[in-house]
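This briefing sets out the architecture, packing and pocket of one protein chain for use in computational work. Please read the points below alongside the sequence and the coordinates.

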Amino acid sequence: MEKKLKHKEDLRTLILEAAKKLFVQEGYEATSIRKIAKEIGFSPTTIYLYYKDKSDIVYALHQVGFGILRDRFFPIDGRGECF
């Protein structure tokens, strides 16, 4: 069960990394689910198992990016609170 969960998370990460690369190289409008699938060597159907559409992928990328910003810009004290 744990191995299956790790595989799912790894595939989600792979999808996001490929999407980010294509969005930067080709732009949002020119990037399709089909192109993302081709980039990672999976079928478009596989991507739809993880994300409902391209905007859902962009939302996930935003969540990752905001998490990185939070971690870098807000010093955290010993209690886990931002100051």
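Two residues are in contact when they have heavy atoms within 4.5 Å of each other. The model is predicted, and local features need pLDDT of at least 70, side-chain atom pairs count only at pLDDT 80 or more, and totals for chains, interfaces and linings use all residues. Residues are numbered from 1 along each chain as its sequence is written, and side-chain values use heavy atoms, with hydrogens and water left out.

**Overall architecture**

- The protein has four helices and zero strands; both kinds of element are DSSP runs numbered from the N terminus, helices being H or I runs of at least four residues and strands E runs of at least two.
- From the N terminus on, the order of elements is α-α-α-α.
- Of the 83 residues, 27% count as buried, where buried means under 20% relative accessible area, exposed over 50% and partly exposed in between (1.4 Å probe, protein chains only).
- Among contacts with a separation of 6 or more, 47% join residues 24 or more positions apart.

**Helices H1 and H4**

- The expected span of a helix is 1.5 Å times one less than its number of residues.
- For the 25 residues of H1 (residues 2–26) the expected span is 36 Å, and the end C-alpha atoms are 36 Å apart, which agrees.
- For the 20 residues of H4 the expected span is 28 Å, and the end C-alpha atoms are likewise 28 Å apart.
- The buried residues of H1 are Leu11, Ile15, Leu16, Ala18, Ala19, Leu22 and Phe23, and they pack against H2 (33–40), H3 (44–50) and H4 (54–73).
- In H4, Lys54, Ile57, Val58, Ala60, Leu61 and Gly67 are buried; the buried residues of H4 pack against H1, H2 and H3.

**Individual buried positions**

- Alanine 19, in helix H1, is buried because its relative accessible area is 0%.
- Beyond its neighbours within four places in sequence, alanine 19 is in contact with Ile36, Ile57 and Leu61.
- Alanine 19 and lysine 54 are 35 residues apart in sequence, and their C-alpha atoms are 8.9 Å apart in space.
- Threonine 31 lies in the loop between H1 and H2 and counts as buried because its relative accessibility is 1%.
- Not counting residues up to four places away in sequence, threonine 31 touches Leu22, Phe23, Glu26, Ile36 and Lys54.

**End of H1 and the aromatic pair**

- Just after H1, glycine 27 takes a positive phi of about 90°.
- One aromatic pair is found in a search of the whole structure.
- The rings of phenylalanine 23 and tyrosine 28 have centres 5.5 Å apart and planes at 45°, so the pair is tilted; rings of Phe, Tyr and Trp (its six-membered ring) pair if their centres lie within 6.5 Å, with planes under 30 degrees apart stacked, over 60 edge-to-face and the rest tilted.
- Phenylalanine 23 is buried at a relative accessible area of 15%, whereas tyrosine 28 is partly exposed at 34%.

**Largest pocket**

- A pocket is an open set of points on a 1 Å grid over the protein atoms alone, where a 1.4 Å probe fits, with protein on both sides within 12 Å along at least five of seven lines; lining residues have an atom within 4 Å of a point.
- The lining of the largest pocket consists of Glu9, Arg12, Thr13, Leu16, Glu17, Lys20, Leu61, Val64 and Gly65.
- H1 and H4 are the elements that give two or more residues to this lining, and H1 provides the largest share, six residues.
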